[in-house]
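Reader: Before we begin, could you show me the model that we are going to read together?

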Amino acid sequence: MHQPPTAAPSSPLAPYLRKAFLFLSSSPRLGRAVTDSRLAWRGARRFVAGQTVEQAIAVVRELNNQGLTASLDHLGENISRLEDARQTADAYLLAIDQICASGVRSGVSLKLTALGMDLGPEVAEEQLRRILAAAAKSQPVPFVRIDMEGSAYTEPTLALFHRVHADFARVGVVVQAYLYRTAGDVERLVAEGSGPRLCKGAYLEGPEVAWPRKEDVDASYLRLAGRLLSPASRDRGVYPALATHDPAIIEAVKQLASKLGISRDAFEFQMLYGIRRDLQLALVKEGYRVRVYVPYGRQWYPYFMRRLAERPENLAFVLRSLFSESRRT
Ligand SMILES: Cc1cc2nc3c(=O)[nH]c(=O)nc-3n(C[C@H](O)[C@H](O)[C@H](O)COP(=O)(O)OP(=O)(O)OC[C@H]3O[C@@H](n4cnc5c(N)ncnc54)[C@H](O)[C@@H]3O)c2cc1C
């Protein structure tokens with residue numbers, strides 16, 4: 001696979017802003033203050049489909065009409081009370097119910113820390129199994145994707161995934177190209193015939209576990225995408241989900257797929273709601289499958305901060321649109 005051109009950081013301040021936003025994303029106190037601000041919510045709306053499942057389903061229906069599929073994410077993470085873990089699982093049961101009742105084409109994505117991972121893996125497993133059992137009884141069975149969080153959770157998340165995957169077929173996990181360990185994790189997933197979602201990784205990680213330089217992360221992404229699309233992986237039934245907005249990587253994946261003679265429905269691209277809609281629609285027009293990750297709910301603060309960290313210019317965009325909105329009103 002050819003290497004993407006090395007993207008220069010958009011501003012010399014970008015790496016510092018990235019760290020600052022990622023640091024802020026883990027402050028519960030700031031999170032509580034910001035979540036109650038209507039102004040901040042108006043900024044976050046660019047990336048968050050709404051606060052209720054009905055609003056999220058309406059967004060998914062619109063995406064479906066444009067040829068895109070979706071994965072619904074009920075926002076929330078790092079809960080510390082058993083009651084909250086149960087409530088998160090209940091929210092997913094409702095989402096699955098609504099997906100089936102409305103007939104939209106969507107799966108769900110979830111975070112194990114929202115299901116009680118910090119209280120113990122057995123707590124998260126019990127809630128995850130409730131969700132998987134409800135999904136398995138639905139028609140059609142929605143795909144349940146387990147998001148990957150900070151590196152402290154990588155091992156327990158993969159261990160839990162392998163346990164539930166032994167009992168449920170329509171469940172998958174996420175791997176992050178910035179972690180050194182991921183090549184090994186991908187081998188095990190390929191051996192099991194499980195196609196992961198491959199992303200670059202969105203958390204603040206140290207050089208002892210993750211590549212600090214963007215060029216190295218991009219190169220790792222391409223190596224892993226190459227492995228997931230290889231004939232050996234396809235022979236095992238692997239269906240990869242390539243999650244990125246990076247045009248150079250998307251182009252490289254398209255070229256590799258065409259060189260290997262892989263049909264456009266044998267894998268999918270995934271992107272986040274509100275980001276590069278132009279690219280999402282262009283890919284659909286070319287005949288590729290594109291799934292949009294659609295977050296909704298009240299706990300949008302850490303998710304919003306991570307989106308600002310990925311592209312600090314978003315802050316200027318959000319502030320500009322709030323300013324022009326307030327002038328209009
Ligand atoms: C469907 C999906 C699911 C994900 N799930 C996880 C997960 O489970 N765990 C995890 O750690 N990470 C997850 N991520 C986030 C991912 O790890 C990256 O942080 C994020 O996708 C940005 O990386 P990139 O591949 O788009 O490339 P980058 O090199 O960061 O960006 C490439 C280009 O994409 C555009 N872009 C990227 N981000 C933004 C943004 N926020 N706003 C506007 N434009 C932007 C810009 O044009 C940028 O130049 C997910 C991403 C996607 C798309």
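Author: What follows is a short dialogue on a glycine, the nonpolar cores and the ligand.

This is a predicted model, in which local features need pLDDT of at least 70 and side-chain atom pairs count only at pLDDT 80 or more, while totals for chains, interfaces and linings use all residues. Residues are numbered from 1 along each chain as its sequence is written, and side-chain values use heavy atoms, with hydrogens and water left out.

Reader: Is Gly76 buried or exposed?

Author: Buried means under 20% relative accessible area, exposed over 50%, and partly exposed in between, with a 1.4 Å probe and protein chains only. Gly76 has 14% relative accessibility and therefore counts as buried. Contact means heavy atoms within 4.5 Å; leaving out residues up to four places away in sequence, Gly76 touches Lys111, Ala114 and Gln299.

Reader: Which residues have the most contacts inside the largest nonpolar core?

Author: In soluble globular proteins, nonpolar side chains tend to be buried together. A nonpolar core is a set of buried Ala, Val, Leu, Ile, Met, Phe, Trp, Tyr and Cys residues joined through side-chain atoms within 4.5 Å. Here the largest has 78 residues, and Leu72 and Leu128 have the most contacts inside it. Another core, of 20 residues, lies apart from it and includes Val48 and Tyr301.

Reader: How does one read the polar contacts of the ligand?

Author: A polar contact with the ligand is a pair of N or O atoms within 3.5 Å. A polar side-chain atom of Asn314 lies 2.7 Å from a nitrogen atom of the ligand, and for a polar side-chain atom of Arg197 the distance to a ligand nitrogen atom is 3.1 Å.

Definitions and conventions: Polar contact = N/O pair within 3.5 Å; in protein donor to acceptor, adjacent residues only side chain to side chain.
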